[in-house]
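Colleague: I am still new to reading structures. Please pick one part of this one and take me through it slowly, then show me how its surroundings fit in.

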Amino acid sequence: GSSVPGKDPGQVAATRSDYDRWFTQMGELGVGVVRVYTILSPAFYDALRDYNLRHAARPLYVLHGIWIPEERWYATGNAWDPQVVRAMRSEIADAVAVVHGDAQIPYVRGHAAGVYRSDISPWMLGWSFGIEWDPASVIATNAKNAGRRARSPGTYIHTLPSASPMEQWIGEHLDLLAGEEARRGFSIPLTFTNYRSV
């Protein structure tokens, strides 16, 4: 996370000096992988790239998360709500651009923003899509989209014809994520966050 003492949980408040200190301590501890849940401030990517270039023999790899527009999803109870889908597609494109050092994200309250020029793609261990899926919202999504048929197979990821609407949503967005990386000439392992049945 990016919280520091004295700030709200989840507030994007860590500074470059925080990340420099943390990465040095992680290296001393023998950490090999850093997991982040969402796009962080440019300071994270700048510090990580600089650290890894200085520690090429023992770099820090990244398992990068992609947050979902959970407030809208919870409010509608429908992951297939057009506003949720648009926001999710935008978040995927932004996250991929960020790790490749090719993004400029405007300020939105509660989210990281800035100019991202540090390419950390050589140290990407994988993508972890989504959050711990809220059971009530998963059930509501499946109920509101009952009978929805999976689209034709994706280019990289596809779901079975029997997939639930929520499974279809996850599969289609993983396919989009894989496509965004492929467009840049990369193939990176994908997973999705889960702690309950979807």
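Modeller: Let's start with strand S5, residues 124-129, which pairs with strand S6 in the parallel sense over 3 bridges. Keep in mind that this is a predicted model. To find the pairing on your screen, look for serine 128, which stands opposite threonine 191 of S6.

Now widen the view. S5 and S6 belong to an open sheet of 4 strands, ordered S1-S2-S5-S6, with parallel pairing. Its edges are strand S1 (33-36) and strand S6 (190-192), each of which pairs on one side only. Going from strand to neighbouring strand, the average turn is 20°, ignoring direction.

Helix H4, residues 82-99, packs on this sheet and touches both S5 and strand S2 (61-66). The direction of H4 makes about 165° with that of S5. Because these angles run from 0 to 180 degrees between N-to-C directions, a value of about 165° tells you that H4 and S5 run in nearly opposite directions.

At the other edge, S1 and S2 pair in the parallel sense over 4 bridges. Valine 34 is a good landmark here, with valine 62 of S2 as its bridge partner. In a regular strand, side chains alternate between the two faces of the sheet. You can see two faces in S1: Val34 and Val36 are on the covered one, while Val33 and Arg35 are on the uncovered one.

Arg35 comes up again when we look inside H4. Glutamate 91 lies in that helix, and it is buried but has no salt bridge. The nearest side chain of opposite charge belongs to arginine 35, and that is 13 Å away. A salt bridge needs the nitrogen and oxygen within 4 Å, so a distance of 13 Å leaves glutamate 91 without one. What does glutamate 91 touch, leaving aside its neighbours within four places in sequence? Its contacts are Thr38, Ile39, Ile66 and Trp67.

A little further along the chain from S2 is proline 69, in the loop between S2 and helix H3 (70-76). Is proline 69 buried or exposed? It counts as buried, because its relative accessible area of 19% falls under the 20% cut-off. Not counting residues up to four places away in sequence, proline 69 touches Val84, Ala87 and Met88. Its C-alpha atom is 9.0 Å from that of alanine 79, which sits 10 residues away along the chain.

Next, follow the chain towards S6 by way of helix H6, residues 165-183. This helix gives you a nice check to try: at 1.5 Å a residue, its 19 residues should span 27 Å, and its end C-alpha atoms are indeed 27 Å apart, so the two agree. Of those 19 residues, 14 are buried, so H6 is largely enclosed by the rest of the structure. Just after the helix, glycine 185 takes a positive phi of about 85°.

Arginine 184 is in the loop between H6 and S6, and its salt-bridge partner aspartate 102 is in the loop between H4 and strand S3 (103-105), 82 residues apart. Their side chains meet at 3.4 Å, N to O. Both are partly exposed: arginine 184 has a relative accessible area of 26%, and aspartate 102 is at 44%.

That pair is one of 6 salt bridges in the model. Side chains of opposite charge can pair when their charged atoms come close. Another example is aspartate 20 with arginine 16, where the closest N and O atoms are 2.9 Å apart. Both lie in helix H1 (residues 16-29), 4 residues apart, about one turn of the helix. An α-helix has 3.6 residues a turn, so residues three or four places apart point the same way.

Arginine 16 also forms a salt bridge with aspartate 50, at 2.6 Å from N to O. This pair links distant parts of the chain, since aspartate 50 is in helix H2 (residues 42-54), 34 residues from arginine 16 in H1. The shared partner joins Arg16, Asp20 and Asp50 into one network. Each of the three is partly exposed, with relative accessible areas of 29% for arginine 16, 28% for aspartate 20 and 30% for aspartate 50.

Definitions and conventions. Residues numbered from 1 in each chain as written. Predicted model: local features only at pLDDT ≥ 70, side-chain atom pairs only at ≥ 80, totals over all residues. Heavy atoms only, no water. Pairing = 2+ DSSP bridges. Contact = heavy atoms within 4.5 Å. Buried < 20%, exposed > 50% of the residue type's maximum accessible area, 1.4 Å probe, protein only. Lys, Arg positive; Asp, Glu negative; His and termini not counted. Expected span 1.5 Å × (residues − 1).
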